[in-house]
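Colleague: I'm new to reading models like this one. Could we go through it together?

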Amino acid sequence: MVTDGAVTARVLVAADKFKGSLTAVQVAERVTAGLRRVVPDVRVETLPVADGGDGTVAAAVAAGFERREVRVTGPLGDPVTAAYAVRGTTAVVEMAEASGLQHLPDGVFAPLTATTYGSGELLLAAVDAGARTIVFGVGGSATTDGGAGMLAALGARFLDADGKPVGPGGGGLADLAEADLSGLDPRFTGIDLVLASDVDNPLTGPKGAPEVYGRQKGATEADIATLDAALAHYASLLGPEQADLPGAGAAGGIGYGALVALGARFRPGIEVMLDVLGFAPALDRATFVITGEGSLDAQTLHGKAPAGVAAAARAAGLPVVAVCGRLALAPEALEGAGIRRAYALLDLEPDPAVCMAEAGPLLERAAESIARDFLV
């Protein structure tokens, strides 16, 4: 029991999406419904969270930002509709909205030619809307172009030996002879651009963007070698020292482009988003915290949303439990992260396909268990 009566419980639900089944907003709704089935008068505040990857704009909108849409260039060069969020002079831009894997047809990848040009267009839209601070969430990309496409959209020129623009994507950078950044939109010198990511990989090498993330974007072993060499060549012209900075390898190296040419500063994505979403005052109002995401595993402990929420709640002296689809962390790992207990949907429905299809009702059942175990 964490309170002296159900009426005094003040629950904060701050969970990420269950990828492929529930958005962060839906997770919060289902958890709330399950809690209230057991404790009808429990006070619940919901704050859907994200760590900079896909779902970041949706979390900002749920926290009161205004959603705006713009047509931009997708990773394959075709127009796509992308959203960003704005409140006052702060914008939240999610590169996956423009250059993410979700814009690729099923089974179609373009590891050598996919471009981040649309991400640059999305940043421009935010600046045009009056943003002076931009939280740039990077993750879920279909691209490995070092942010060259993004910078081209902002006015940079990447030319081959004949003075012609190199081809799109990371593969085209092998032909790069001149990188001209003089045409970059000057407004970015006055923008506080925060690179928000849970990835701290360097640009190239054994832990670099092509080697670690290329395969999930359809790259063969030969493609990975090509991309790694092309990005190393690209960095040799723009600034090799920045290629090893934390976050340079994020989202196929778009982090490097933002760091080297746009003056971005890197911060762990969940830390940035908790600040932007108003997590601290919400935490002050709570006596009990529920967090979670689709899979609680080793990656969770390295900058994912539940780990960030749990760390902040533990620092405030509040108990934390988690909900998830799949649990792959031992009890001691959960405890080390500040999570008292995790409730996995696969424990309720062991068939993964059924579990994903019925994630909503199963999550309500898990929340009922939390209410019985902790709130009554």
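**A covered helix and an open sheet**

Colleague: Which residues of α15 are buried?
Modeller: Buried means under 20% relative accessible area, with exposed over 50% and partly exposed in between (1.4 Å probe, protein chains only). By that cut-off, the list for α15 is Ala359, Gly360, Leu362, Leu363, Glu364, Ala366, Ala367, Glu368, Ile370, Ala371, Phe374 and Leu375.

Colleague: What sort of model is it, and how are things counted?
Modeller: Residues are numbered from 1 along each chain as its sequence is written, and side-chain values use heavy atoms, leaving out hydrogens and water. The model is predicted: local features need pLDDT of at least 70, side-chain atom pairs count only at pLDDT 80 or more, and totals for chains, interfaces and linings use all residues.

Colleague: How far does α15 reach from its first C-alpha to its last?
Modeller: Helices are DSSP runs of H or I, at least four residues, and strands are runs of E, at least two, numbered from the N terminus. α15 covers residues 359-375, and at 1.5 Å times one less than its number of residues, 24 Å is expected. The model comes close to that, at 23 Å.

Colleague: Why is one side of β3 and of β10 left without a neighbour in the sheet?
Modeller: Two strands pair if DSSP finds at least two bridges between them. The open, mixed sheet has the order β3-β4-β5-β6-β9-β10. β3 (66-73) and β10 (265-268) stand at its edges, so each has a single partner strand.

Colleague: Which residue of β9 is the bridge partner of valine 135?
Modeller: β6 (residues 133-137) and β9 (residues 192-197) run parallel, joined by five bridges. In β9, the partner is valine 194.
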